[in-house]
Amino acid sequence: MALLEVSQLDVRFALRQGEVKAIRDVSFTLERGERLGIVGESGAGKSVAAFSLLNLIAKPGFIAGGSITFEGQTLNTMSERGLRKIRGNRISMIFQDPMMTLNPVLSIGEQMVECLKAHRRISSKEARAIALDKLRQVQIPSPEKRLDQYPHELSGGMRQRIIIAIALLLDPDIIIADEPTTALDVTIQAEIMALLLDLCEQHNVGLILITHDLGVVSQVTQRMLVMYAGRVIEQGPTREIINDPQHPYTQGLINALPQMATPGEKLNQIRGSMPSLSNLPSGCAFHPRCDFIKRADGQTRPVCIEQVPGFVQAGNCQAACHMVAELMEDRRLKEESQ
Amino acid sequence: MSTQASAMAANHIPAENVDTAQPLLQIRDLKKRFSLSGDFLDQLRFKGGKLIRHQEHVHAINGVNLEINRGEALCVVGESGCGKSTVARTVMGLLSPSEGEIHYDGQRIDHLSSRQLLPYRKRMQMIFQNPYASLNPRMTIQQTLEEPLRLHHPKWNRQQIADKVEEVMDSVGINPDWGKRFGHEFSGGQRQRIAIARALAVDPEFIVADEPISALDVSIQAQVLNLLMEAQHARNLTYLFITHDLAVVEHFGTRVAVMYLGTVCEVATTATLFAKPRHPYTQALLSSIPRLEDDRPQHIRLKGEVPTPVNLPSGCVFHGRCPYANARCIQEIPQLQMQDDGTRVACHAVEEGRL
């Protein structure tokens, strides 16, 4: 059994205007030591998916269906007390903005010791020694000095290193990182990503990396999910998706990158923008922006407008697209007739 | 430049005797400091029984020299705090330089009053990073787009203004029927289109774009970038494009200036810079772009972090993090020096042939 299993997760927000379905029917697994990327644009539901894993969805949001199983325990029905034993201990999180996650009135050392003592019965001295060791692991210069410093005394890159040290503090099984380097500069981003990758490999920690940056995902993760308007629309091994994306949205996203075009030429753009979650198009949510909604004979594929696509296997990847399903069916028929 | 191209340029700009060889914009030895010490009374300190005046400054730009030629897109790249946005704002006259000069089309403009600047403001326009902040929430799109026209074309009648607004809305792909709507009714990408329409409304020849696509999603970034390139071709625009995204630079820029801690460390044509980065900082910056390709070269790891611009390092501002720094780098400030292929690099190691 996989370390973490998410099946048919459904998260909604009960707003005055009505219920908004933030994510629907999201399923994935994570093995021990595996690195999984969740990619999508803003509003795709990738952060909601990550937050709901630890039941961190605040009201008016709630998990309306599905299950999250970690080592055989169902997290979404667990008590707060039980969850507290898992949060930060077995599954820890790294957020986008390190200044928001660190407590500004406590020194780095106090925050780390507090976290250790909440989960383990150890003395402050022992806790401090562990904290120091973790700061060394994240390659912070003069770690003894940092323990007594406050978050505002450190730079953005340094703070994010501290956050990673805190995430590793209790030797977790999984780290969920929500856009961990988006607020940082490219040179610092490269350092932090390399560090995170090294540490995850060293300690055999599973990583769920949420990002909008396809470059980062392709360098760090082994498998990836692409989300659009609250659903997973493609999943599979990262390298295969990047090299040969099946879903028209994934194709569009990759082809829209400036590095995919000849300098000075027009970029391949996806027309329109992501629909609002409270007003989703019928059928496949991507159909108003999709170039493949028309068949080869110029006829619109009605099923795209009428029916939500399920996953079809394409190589080692799965894509939720009627066009891909049709292609696969054609290929199968051709093979059978031969 | 060919005669045809210069004829086109002359056709577009109705000024007399346009000298196409002369750069459109020249930034000469520009410096900008921001005071951290408050007003005069805040600066007074008692020290050793004496009352002294103590001042601290952020040295945002320290001697920047740049030229922008007609029809090109000069990209300024660098990490946060390197002074790239300050350069953009100083060029536009939104900030006044502490030292140095800015020449636009041969005329010095940095010391002009806002009334004297008015004719230049019509020729140079700005697009800001965050379209959520740069559109007035109380104005409809129609009003937003009419405002610059009323200011710069006081003699135009209502119909002329309405026609022009419709034309620019059309040219950026916003339905002209949406003029009665407010900014908040549009998505981020649409808002940025409106901000671009506002800049284009007065038919400028020069546009300063400060991170115009950084706040947008990937699929929308491509749309807006395409729009900016289309406008450049259709209107023969010149861009000063500020960004931290090197992939965008590679696609969009004619030339690139790399900035670090308030100084320009390398200026080159885009193709040269990406094929053969000279300055150690440029090399590190290029190596850290996350690429989609499988076989990534190891990125160059820099020591430490960007120093504070309050107390600038001596000599080359990059020496503390540079793997090639020697005693000379710590003492002497390197100047931009022309290389064989026209690239200009400010680095002692490159000059001495050590790199």
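Axes here are lines fitted to C-alpha atoms, and angles run from 0 to 180 degrees between N-to-C directions. With that in hand, the predicted model can be read starting from helix 7 of chain B, which lies across strand 8 and strand 9 (206–210) of chain B and runs at about 170° to strand 8 of chain B.

Those strands belong to an open sheet of 8 strands in chain B, with mixed pairing and the order 8-9-10-5-11-12-14-13. Strand 8 (124–127) and strand 13 (337–338) of chain B sit at the edges; each has a single partner strand, so one side of each is left without a neighbour in the sheet. Strand 8 of chain B pairs with strand 9 of chain B in the parallel sense, over 4 bridges, and B:Gln125 has B:Ile207 as its bridge partner in strand 9 of chain B. On to strand 10 (residues 238–243) of chain B: 5 bridges join it to strand 9 of chain B, and the two run parallel. Here B:Ala209 is matched with B:Phe241 of strand 10 of chain B.

Strand 9 of chain B is well tucked away: 5 of its 5 residues are buried, so it is largely enclosed by the rest of the structure. In a regular strand the side chains alternate between the two faces of the sheet. In strand 9 of chain B, B:Phe206, B:Val208 and B:Asp210 point one way, while B:Ile207 and B:Ala209 point the other way. Further along the sheet, strand 12 (residues 263–269) and strand 14 (residues 344–345) of chain B run antiparallel and are joined by 2 bridges, with B:Glu266 opposite B:Val345.

Back to helix 7 (residues 188–200) of chain B, which also packs with helix 8 of chain B at an angle of about 15°, the axes being 10 Å apart. Angles under 35 degrees count as roughly parallel, and the two helices of chain B, 7 and 8, are therefore roughly parallel to each other. Their crossing is right-handed. Among the residues making this contact are B:Ile196 and B:Leu200 of helix 7 of chain B and B:Leu227 and B:Leu228 of helix 8 of chain B. By class, the contact residues come to 7 nonpolar, 4 polar and 1 charged.

Helix 8 of chain B turns up again where the chains meet. The contact takes 32 residues from chain B and 33 residues from chain A. On the chain B side, helix 8 (218–235), helix 9 (246–252) and helix 11 (280–287) give two or more residues, and helix 8 of chain B gives the most, with 8 residues. That side of chain B has 13 nonpolar, 11 polar and 8 charged residues.

Methods:
Residues are numbered from 1 along each chain as its sequence is written. Chains are lettered from A and ligands numbered from 1 in the order in which they are written. This is a predicted model: local features need pLDDT of at least 70, side-chain atom pairs count only at pLDDT 80 or more; totals for chains, interfaces and linings use all residues. Two residues are in contact if their C-beta atoms, placed from the backbone, lie within 7 Å. Ala, Val, Leu, Ile, Met, Phe, Trp, Tyr, Cys and Pro count as nonpolar, Asp, Glu, Lys and Arg as charged, and the others, Gly among them, as polar. Angles under 35 degrees count as roughly parallel, over 145 as roughly antiparallel, 65 to 115 as roughly perpendicular and the rest as oblique. A crossing is left-handed if the near helix is turned anticlockwise from the far one by less than a right angle, and right-handed if clockwise. Two strands pair if DSSP finds at least two bridges between them. A residue is buried if 20 or more other C-beta atoms lie within 10 Å of its own, exposed if 12 or fewer, and partly exposed in between; C-beta atoms are placed from the backbone.
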